[in-house]
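Please look through the structure shown below with the sequence beside it, and follow one residue to the next as the paragraphs lead you along.

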Amino acid sequence: MTTTLPELDMSEFLAAPHSARGQGFVAALRDVCHGPGFCYLAGHGVAADADRAILAAAHDFFALPTRGRRALAIAKSPHFRGYTGLGSEITKGLRDWREQLDVGPEEHVVALRSGDPPWLRLRGPNQWPAALPAMRPAVLDWMQAMDRVGLAVLRALALGLGQPYEHFDAAVLPRGDPHLKIVRYPGQDESADTGQGVGMHHDSGLVSFVLQDDVNGLQVRIGDELVDAVPRRGTYVMNLGEMLQVATSGYLRATDHRVVSPPPGRERLSIAYFFHPRLDCVFDAVALPPDLAAAARGGDNADPSDPVHKCFGDNYLKIRLRSHPDVAAAHYRDVLRPIEPSRTPAIRRRRASSPDR
């Protein structure tokens, strides 16, 4: 019976990825991502001060008056950046009992032309609280640090899959389209408690990392069990998204998970970082070695109404529209239909041997 998630230390890989100890991490990571799909990641190289700074920024943000948080309402942003109040985001058709601030790379609005794919609207500026000037640098600095962790994990996975070290680099370099959620889960009133902080789901991108405070709530579905991802200081909870699941025909897995609400009178803070590829990235199948290919389980989602599009932008916009009907109604009325795969040319993930790298 599984009672806890495995813990992996990547410090030896960061120091010398091709050393014996570095390769030990590669093998362990591959096995975890083929098996439970979740682990604690230690030895990641991100300073503890950076973790503390972003958790402090989260605490300060949720301590703002309600009107201060609502001034950053996500419905104002076609880029899905901003504040979402309690019960305003939907997972599997049910309301999540959490409030959050969604952040992405700080960018200018993209000037769209006729025929451009609608997912280009996802790029743009963030909304920041004027009352907390220290929040913006704390959050963006932490995101930069997590980009380095995400790239290292992708490179370790590439080696574990029998590919060149830089096999996935072109999906995220010189840029990806990462996404950050700063989340507060309050306890629910006992008379109305659904237990759903966020409903059971799996992630959509490449690799996800969660920095937790000391309050439990994250649960991972492993077989028929729900395993608590009990907070461990100095680690991130790490899991994969469905783009890697599809690219490896299911050898790697995007594992279902949820967050249950804390007891009444308590709250849980977490920082969820989604290390995504570029929106225009199209993932080709990874040519797995025969022994790994024989253990691949098929990469499509079990739900036929939830197809995984090859272009990440199509896939991600589908999910964002479903989760935030207020943003969809305000900014995407022209695409409020099942998202069709883009007909515009997309830049494929180039192989490491491409001459233009």
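Are phenylalanine 61 and phenylalanine 62 buried or exposed? Both phenylalanine 61 and phenylalanine 62 are buried in this model, which is a predicted one. A search of the whole structure finds seven aromatic pairs, and one of them is formed by phenylalanine 61 and phenylalanine 62, whose ring centres are 5.2 Å apart with 70° between the planes, an edge-to-face arrangement. These two residues also belong, together with Tyr83, to one aromatic cluster.

A second aromatic pair can be followed in helix 8, which covers residues 312–323 and holds both phenylalanine 312 and tyrosine 316. The two residues are four positions apart, about one turn of the helix, and their ring centres are 5.3 Å apart; because the planes meet at 20°, the pair is classed as stacked. Phenylalanine 312 is buried, with a relative accessible area of 0%, and tyrosine 316, at 9% relative accessibility, counts as buried too.

From the cluster, tyrosine 83 leads into the strands, since tyrosine 83 stands opposite leucine 101 in strand 6. Strand 3 and strand 6 pair in the antiparallel sense, over three bridges, while five bridges join strand 6 to strand 7, and these two strands also run antiparallel. Within that second pairing, glutamine 100 of strand 6 has valine 183 in strand 7 as its bridge partner.

How many of the residues of strand 6 are buried? The strand spans residues 99–103, and five of its five residues are buried, so strand 6 is largely enclosed by the rest of the structure. In a regular strand the side chains alternate between the two faces of the sheet. In strand 6, Glu99, Leu101 and Val103 point one way and Gln100 and Asp102 point the other way, yet all of them are buried; the burial therefore applies to side chains pointing in both directions.

The backbone also has some points to inspect. Phenylalanine 80 has a positive phi of about 60° although it is not a glycine, and its place is in the loop between helix 4 (66–70) and strand 3 (82–84). At 1% relative accessibility, phenylalanine 80 counts as buried. Serine 249 likewise has a positive phi, of about 55°, without being a glycine, and is found in the loop between helix 6 (242–247) and strand 13 (257–260). Serine 249, however, is partly exposed, with a relative accessible area of 37%. Elsewhere, a cis peptide bond with an omega of about 5° joins leucine 173 and proline 174, and proline 174 is placed in the loop between helix 5 (135–160) and strand 7 (179–186).

The cysteines come last. How many disulfides does the structure hold? The structure holds zero disulfides. Cysteine 33 is in no disulfide, and the nearest cysteine sulfur, that of cysteine 39, is 6.2 Å away; cysteine 39, for its part, is in no disulfide either, the nearest cysteine sulfur being that of cysteine 33. Because a disulfide requires the two sulfur atoms to lie within 2.5 Å, the separation of 6.2 Å leaves cysteine 33 and cysteine 39 without such a bond in this model. Cysteine 33 is buried, with a relative accessible area of 0%, and cysteine 39 is buried as well, with a relative accessible area of 0%.

How values were computed. Residues numbered from 1 in each chain as written. Predicted model: local features only at pLDDT ≥ 70, side-chain atom pairs only at ≥ 80, totals over all residues. Heavy atoms only, no water. Buried < 20%, exposed > 50% of the residue type's maximum accessible area, 1.4 Å probe, protein only. Phe/Tyr/Trp six-rings, centres within 6.5 Å; stacked < 30°, edge-to-face > 60°. Pairing = 2+ DSSP bridges.
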